[in-house]
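Please explain how this chain is put together, starting from its strands and moving on to its pockets and its enclosed space.

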Amino acid sequence: MKKVLALFMIIALLFSVSACSSDEKASTDGDSKKENVTISYASWSLGTEKEQNLERLMIKAFEKKYPNIKVKIDESISTTDWNGTLAAAASAGKMPDVFALPQIPSSLSNDWLMDITKMTEKDKDFANIPEAVRESATYNDKVYAVPFAQHFLGYLVNKDLFNEANLDYPEFGFSLEEYTKSIKEVTNINKGVAGTNHAFSVTDWYPAAANPDMGWYTVKDGQYSLDSKEFIAGANLAKEITTNNYAYESLPDDLKANFKGENPEEVWMNGQVAVKWDGTWGVPALVEKGTFDFDFIGLPGGRTGVTNDFVGISKTSKHAEEAFLFSKWMSFGKEGFMKRMEIAEKEGKALNTLPVNADPEILDEYFAINEVPGIKTAYDNLDNAVVEPVKTVPGYVDARWEAPTGVKVGEEANAKVAVILDNVIKGNLKIEDYAKQLDQLADQKSKEASEALKDK
């Protein structure tokens, strides 16, 4: 009996060894059978080969992590005519596999974008992207873009100028009244101090700051309220700031002579602008070269302004899985963002984006590196965020800037929306005379653009 049992044990052992050998062979074969592929990538954030910025270092790290995937940078897509060169590439059947998106709706209507819904549904890191951001890349219940980077919009404050004037500097959560008061009180043009850099963005953020039920430039669920009291008040505040010489960029040349610098950015970096309209992308330069104490204070009214960059995967890509894997590594993937922070610290590079992924380990590491207190406060306030719609809302570009109005302004017989608003802020036109017309035009452009996407 013992001999029979021993025989069974030997046979079982042989089967076990054989099975393990087969599994190892299958695994080895699986690795060796991974197809070597090359994907192409176009983005305006790559700098030059010589610069080797953080984006290019991330690409190298990706190729090291996935040696069977090579990434070729597509230089044929021009930063001076992004949509035009993308359209030419599409016509020639040479679209990059992955490419940066100025606006998702126009790329979708051009039929450039792959539906990546199935790939995102099974991705745990994608689920860690804030819902509002995921929704902004979703049209007709399908995901068409990858949230690539995240920035906050708002104001940066030069604390030193307020301290020198014995004034309290505004902090995150400041009110509309404090915004106006601080700019007026700190301005001293004769001594080369401007309250702000410009007021041309006030019409964009003011309605959401004054009314929590309004979105950026008043748009909410595809409807605009440009004839509302909030929008009109914002336009008139911008006009007041500009025409009373509280903003550097709109000063006459003889008053600009009191400042040091060839352009607004140089004047700001020289410490002569108290409250600057910008985004968190402006922080790395201040950390590296700034000569004054500063903070990020966001928007008046305590809301966090959010803007995202996106990339798309070409509908004609032959390597969709690899393209998605690469997009994830460069943006919302936890492993990729941890590597991004590691590279930035090792190479002395400034982190050029906030985390898109809200994983606690990522956030702890990020805010251990980023020491600007206002940015952490803004991140903690994301539940009260207002999203800038430039890249995501159908028809927004026309509604805000490009649509002809039929109004004659100066030598322009058919001035665009942007020209009307610029002339309002400069004091040449009254917003009350055009608000209703602008509102109707914006709603019309929104409706047209949304209908164009219905079948996508």
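Two strands are taken to pair if DSSP finds at least two bridges between them. In this predicted model, β3 and β10 meet that rule, with four bridges in the antiparallel sense. F99 of β3 has G312 as its bridge partner in β10. On the β1 side, β3 (residues 98-101) is joined to β1 by two bridges, and these two strands run parallel. Here A42 has F99 as its bridge partner in β3. F99 is thus a bridge partner of A42 and of G312.

The next stop is the loop that follows β1. S43 lies in the loop between β1 (37-42) and α2 (54-65). Is S43 buried or exposed? S43 counts as buried because its relative accessible area is 12%, and the cut-off for buried is under 20%. Leaving aside residues up to four places away in sequence, S43 touches W82 and A100. The side chain of S43 also makes a polar contact of 2.8 Å with the side chain of S45.

A second loop follows β10. K315 sits between β10 (304-313) and α15 (320-330). The relative accessible area of K315 is 45%, so this residue is classed as partly exposed, a class that lies between the 20% and 50% limits. Which residues does K315 touch, not counting those up to four places away in sequence? They are D111, W112, L113 and M114. With D111, the contact includes a polar one of 2.8 Å between the two side chains. W112 is 203 residues from K315 along the chain, yet the C-alpha atoms of K315 and W112 are separated by 5.6 Å.

β10 also helps to enclose a space inside the protein. How many cavities of 30 Å³ or more are there? The count comes to one, and the space in this largest cavity is about 50 Å³. Its lining is made up of S136, T307, N308, F310, V387, E388, V390, K391 and T392. With three residues, β10 gives the most to that lining. By class, the residues lining the largest cavity are three nonpolar, four polar and two charged.

The pockets, which are open, come next. The largest pocket has a volume of about 910 Å³. It is lined by 28 residues, of which K220, D221, G222, T392 and V393 are the closest to its centre. Two or more lining residues come from each of α7 (131-136), β4 (138-139), β11 (385-387) and α21 (435-452). The lining of the largest pocket has 13 nonpolar, eight polar and seven charged residues. T392 appears both in the lining of the largest cavity and among the residues closest to the centre of the largest pocket.

The second largest pocket holds about 510 Å³ of space. Of its 23 lining residues, P284, V287, A350, L351 and I369 are the closest to its centre. Which elements each supply at least two residues of this lining? They are β6 (146-158), α14 (283-289), α16 (334-347) and α17 (360-369). The largest share, four residues, comes from α14. The lining of the second largest pocket divides into twelve nonpolar, seven polar and four charged residues.

Definitions and conventions
Residues are numbered from 1 along each chain as its sequence is written. This is a predicted model: local features need pLDDT of at least 70, side-chain atom pairs count only at pLDDT 80 or more; totals for chains, interfaces and linings use all residues. Side-chain values use heavy atoms; hydrogens and water are left out. Buried means under 20% relative accessible area, exposed over 50%, partly exposed in between (1.4 Å probe, protein chains only). Contact means heavy atoms within 4.5 Å. A polar contact is a pair of N or O atoms within 3.5 Å; within protein, one must be able to donate a hydrogen and the other to accept it, and residues adjacent in sequence count only if both atoms are side-chain atoms. On a 1 Å grid over the protein atoms alone, a cavity is a set of points where a 1.4 Å probe fits but cannot get out, and a pocket is an open set with protein on both sides within 12 Å along at least five of seven lines; lining residues have an atom within 4 Å of a point. Grid points are joined across faces, edges and corners, and a volume is the space filled by probe spheres set on the points. Ala, Val, Leu, Ile, Met, Phe, Trp, Tyr, Cys and Pro count as nonpolar, Asp, Glu, Lys and Arg as charged, and the others, Gly among them, as polar.
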